[in-house]
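Reader: Please take one part of this structure and look at it closely, following how it is joined to the rest. I would like one connected account, with the terms made explicit as you go.

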Amino acid sequence: MNDHSLEQEIFDAIVERMELAEVIAELPPEKLAFDTPLFESRDPDGIALDSVDSLELVVLLQEKYGIEVEDEEMSRLVSVEKIAAFVTEKKAGGV
């Protein structure tokens, strides 16, 4: 799987898991890039996930990719692009 398809897979999983289809439909196209910040603390005009969503994201990554996310690694999960890199690194045993 190339990085772009992993990014799309992660994006689709986040949208489905967190029931964001309506939110995504209302965002301008430039906000749907894989490097768009996911959390409102980083960009209030972006996807605007909150701290509860961050926990749901961790569960999603654990279930879908079989990886553990340590507390100190949470700060790396800021965009789909960064999450894809994190997943790739974890699956390769690099983290």
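**A close look at helix H3**

Author: The chain contains 4 helices and 0 strands, where helices (H or I, at least four residues) and strands (E, at least two) are DSSP runs numbered from the N terminus. The model is a predicted one, in which local features need pLDDT of at least 70 and side-chain atom pairs count only at pLDDT 80 or more, while totals for chains, interfaces and linings use all residues. Residues are numbered from 1 along each chain as its sequence is written, and side-chain values use heavy atoms, with hydrogens and water left out.

Read from the N terminus, the order of the elements is α-α-α-α. Of the 95 residues in the chain, 41% are buried, a term that stands for under 20% relative accessible area, with exposed for over 50% and partly exposed for values in between (1.4 Å probe, protein chains only). The accessible surface of the chain amounts to about 5,700 Å², and carbon and sulfur atoms contribute 48% of that surface, the areas coming from the Shrake-Rupley method with a 1.4 Å probe and, for residues, with only the protein chains shown counting as cover. Among contacts (heavy atoms within 4.5 Å) with a separation of 6 or more, 47% join residues that are 24 or more positions apart.

Consider now the charged side chains of H3. The structure has 4 salt bridges, each being a side-chain nitrogen of Lys or Arg within 4 Å of a carboxyl oxygen of Asp or Glu. One of them pairs Glu56 with Arg17, with 2.4 Å between the closest N and O atoms. Because Glu56 belongs to H3 (residues 51-65) and Arg17 to helix H1 (residues 3-17), this pair ties together parts that lie 39 residues apart in sequence. Arg17 also forms a salt bridge with Glu63, where the closest N and O atoms are 2.8 Å apart; Glu63 is in H3 as well, so here the parts tied together are 46 residues apart in sequence. Arg17, Glu56 and Glu63 are thus linked in a network of salt bridges. Glu56 is partly exposed at 30% relative accessibility, as is Arg17 at 28%, whereas Glu63 is exposed at 57%.

H3 also packs against H4, with an angle of about 45 degrees and the axes 12 Å apart; here axes are lines fitted to C-alpha atoms, for helices over the stretch in contact, and angles run from 0 to 180 degrees between N-to-C directions. H3 is therefore oblique to H4, given that angles under 35 degrees count as roughly parallel, over 145 as roughly antiparallel, 65 to 115 as roughly perpendicular and the rest as oblique. The crossing of H3 past H4 is right-handed, meaning that the near helix is turned clockwise from the far one by less than a right angle, whereas an anticlockwise turn would make it left-handed. On the H3 side Leu57, Leu61 and Tyr65 take part, and they meet Ile83, Val87 and Lys91 of H4.

Val59 is another residue of H3, partly exposed with a relative accessible area of 30%. Its C-alpha atom is separated by 8.8 Å from that of Val69, 10 residues away along the chain.
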